[in-house]
Amino acid sequence: MSINKLSGIPDYELAETVELTTAEQVRAISDPLRTTILGLLHERAATVTELSTAVGRPKSTVAHHVKVLTDAGILRVVRTRRVRAIEERFYGRAARMFFVGLGRQGAEGRLPDDFNDFEVAAQESKPAYDAGELRSFIRHARIPDERAAEFWQQVDALIHTFDQLPRAGGTTYGFTVGLYPIGDYPTLPPAADEA
């Protein structure tokens with residue numbers, strides 16, 4: 001378990017990474033409202049009432065989604081407090097980052113495909129694009145598989161840095177990255193002096 005001692009983000013102990021190994025877990029994170037809830041819990045632990053207020057959805061709806069995430073082991077109760085005669089639960093993430101192991105099979109057989117981060121990012125970023133505030137790029141490089149794996153480790157470190165930034169200010173920013181093989185991308189023939 002670790003907590004970012006410098007920023008205290010979030011305000012509870014959690015693992016750095018957890019591999020999702022069941023279809024139930026992958027389905028649990030594939031819902032846009034649930035990913036929003038997970039994002040909010042990067043800041044601090046929260047009650048269902050607080051989450052409901054933040055997302056502007058009925059408390060019963062949010063409670064259902066929190067239960068799905070809790071049953072899948074993605075959320076957990078990190079503390080409680082007594083309010084009159086009711087025990088109020090504060091939920092937190094089980095890990096800072098969740099990942100679906102590539103090419104792995106869960107006990108239930110083939111895992112469902114992970115949700116498409118780029119589809120989510122495209123929807124979220126449209127207003128920023130329309131306002132001329134979207135920062136993005138795409139690059140292509142023909143490199144060996146080993147070099148791609150090394151590069152992704154560097155990107156992974158940057159993702160963890162972004163996750164641990166102190167939550168402050170009035171604007172939430174999205175950060176999407178990807179690394180993918182392209183089977184039919186054109187390639188130049190060898191240069192004349194290499195032939």
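What share of the contacts in the protein with a separation of 6 or more comes from residues 24 or more positions apart? Such residues account for 66% of those contacts. The model is predicted. The protein has 195 residues, and 27% of them count as buried.

**Overall layout**

- The protein has six helices and six strands.
- From the N terminus on, the order of elements is β-α-α-α-α-β-β-β-β-β-α-α.
- The protein exposes about 13600 Å². Carbon and sulfur atoms supply 54% of that area.

**Around R93**

- R93 lies in strand β3, which covers residues 86–93.
- R93 is buried, because its relative accessible area is 5% and the cut-off for buried is under 20%.
- A polar atom of the R93 side chain lies 2.7 Å from the backbone oxygen of L38.
- Leaving aside residues up to four places away in sequence, R93 touches Y12, L14, L38, G39, L41, H42, I74, L75, R76 and F98.
- L38 therefore appears twice here: its backbone oxygen lies 2.7 Å from a polar side-chain atom of R93, and L38 is among the residues that R93 touches.

**Salt bridges**

- The structure holds eight salt bridges. Three of them follow.
- E16 and R96 meet through their side chains, at 3.4 Å from N to O. E16 lies in strand β1 (residues 15–20) and R96 in strand β4 (residues 95–100), so the pair ties together parts that are 80 residues apart in sequence.
- The two partners differ in exposure. E16 counts as partly exposed at 29% relative accessibility, whereas R96 is buried, with a relative accessible area of 1%.
- K67 forms a salt bridge with D71, and their closest N and O atoms are 2.7 Å apart. Both residues lie in helix α4 (residues 59–71). They are four residues apart, about one turn of the helix.
- D71 is partly exposed, with a relative accessible area of 49%.
- R81 and E88 also meet in a salt bridge between their side chains, at 2.6 Å from N to O. R81 counts as partly exposed, at 45% relative accessibility.

**The aromatic pair**

- How many aromatic pairs does the structure hold? There is one.
- The pair is made by F162 and F175, whose ring centres are 5.0 Å apart. Their planes meet at 35°, so the pair is tilted.
- F162 lies in helix α6 and F175 in the segment after α6, so the pair ties together parts that are 13 residues apart in sequence.
- Both rings belong to partly exposed residues: F162 has 29% relative accessibility, and F175 has 35%.

**Y180 and the nonpolar patch**

- Y180 lies in the segment after α6, a helix that covers residues 145–163.
- Is Y180 buried, exposed or partly exposed? Y180 is partly exposed, because its relative accessible area is 45% and partly exposed runs between the cut-offs of 20% and 50%.
- Y180 helps make a nonpolar surface patch of about 290 Å², together with I138 and I182.
- Y180 and A148 are 32 residues apart in sequence. In space, their C-alpha atoms are 9.1 Å apart.

How values were computed. Residues are numbered from 1 along each chain as its sequence is written. This is a predicted model: local features need pLDDT of at least 70, side-chain atom pairs count only at pLDDT 80 or more; totals for chains, interfaces and linings use all residues. Side-chain values use heavy atoms; hydrogens and water are left out. Helices (H or I, at least four residues) and strands (E, at least two) are DSSP runs, numbered from the N terminus. Buried means under 20% relative accessible area, exposed over 50%, partly exposed in between (1.4 Å probe, protein chains only). A polar contact is a pair of N or O atoms within 3.5 Å; within protein, one must be able to donate a hydrogen and the other to accept it, and residues adjacent in sequence count only if both atoms are side-chain atoms. Contact means heavy atoms within 4.5 Å. Patches are made of residues with over 30% relative accessible area and no salt bridge: like charges are joined within 9 Å, nonpolar side chains (Val, Leu, Ile, Met, Phe, Trp, Tyr) within 5 Å. Accessible areas come from the Shrake-Rupley method with a 1.4 Å probe; for residues, only the protein chains shown count as cover. A salt bridge is a side-chain nitrogen of Lys or Arg within 4 Å of a carboxyl oxygen of Asp or Glu. Rings of Phe, Tyr and Trp (its six-membered ring) pair if their centres lie within 6.5 Å; planes under 30 degrees apart count as stacked, over 60 as edge-to-face and the rest as tilted.
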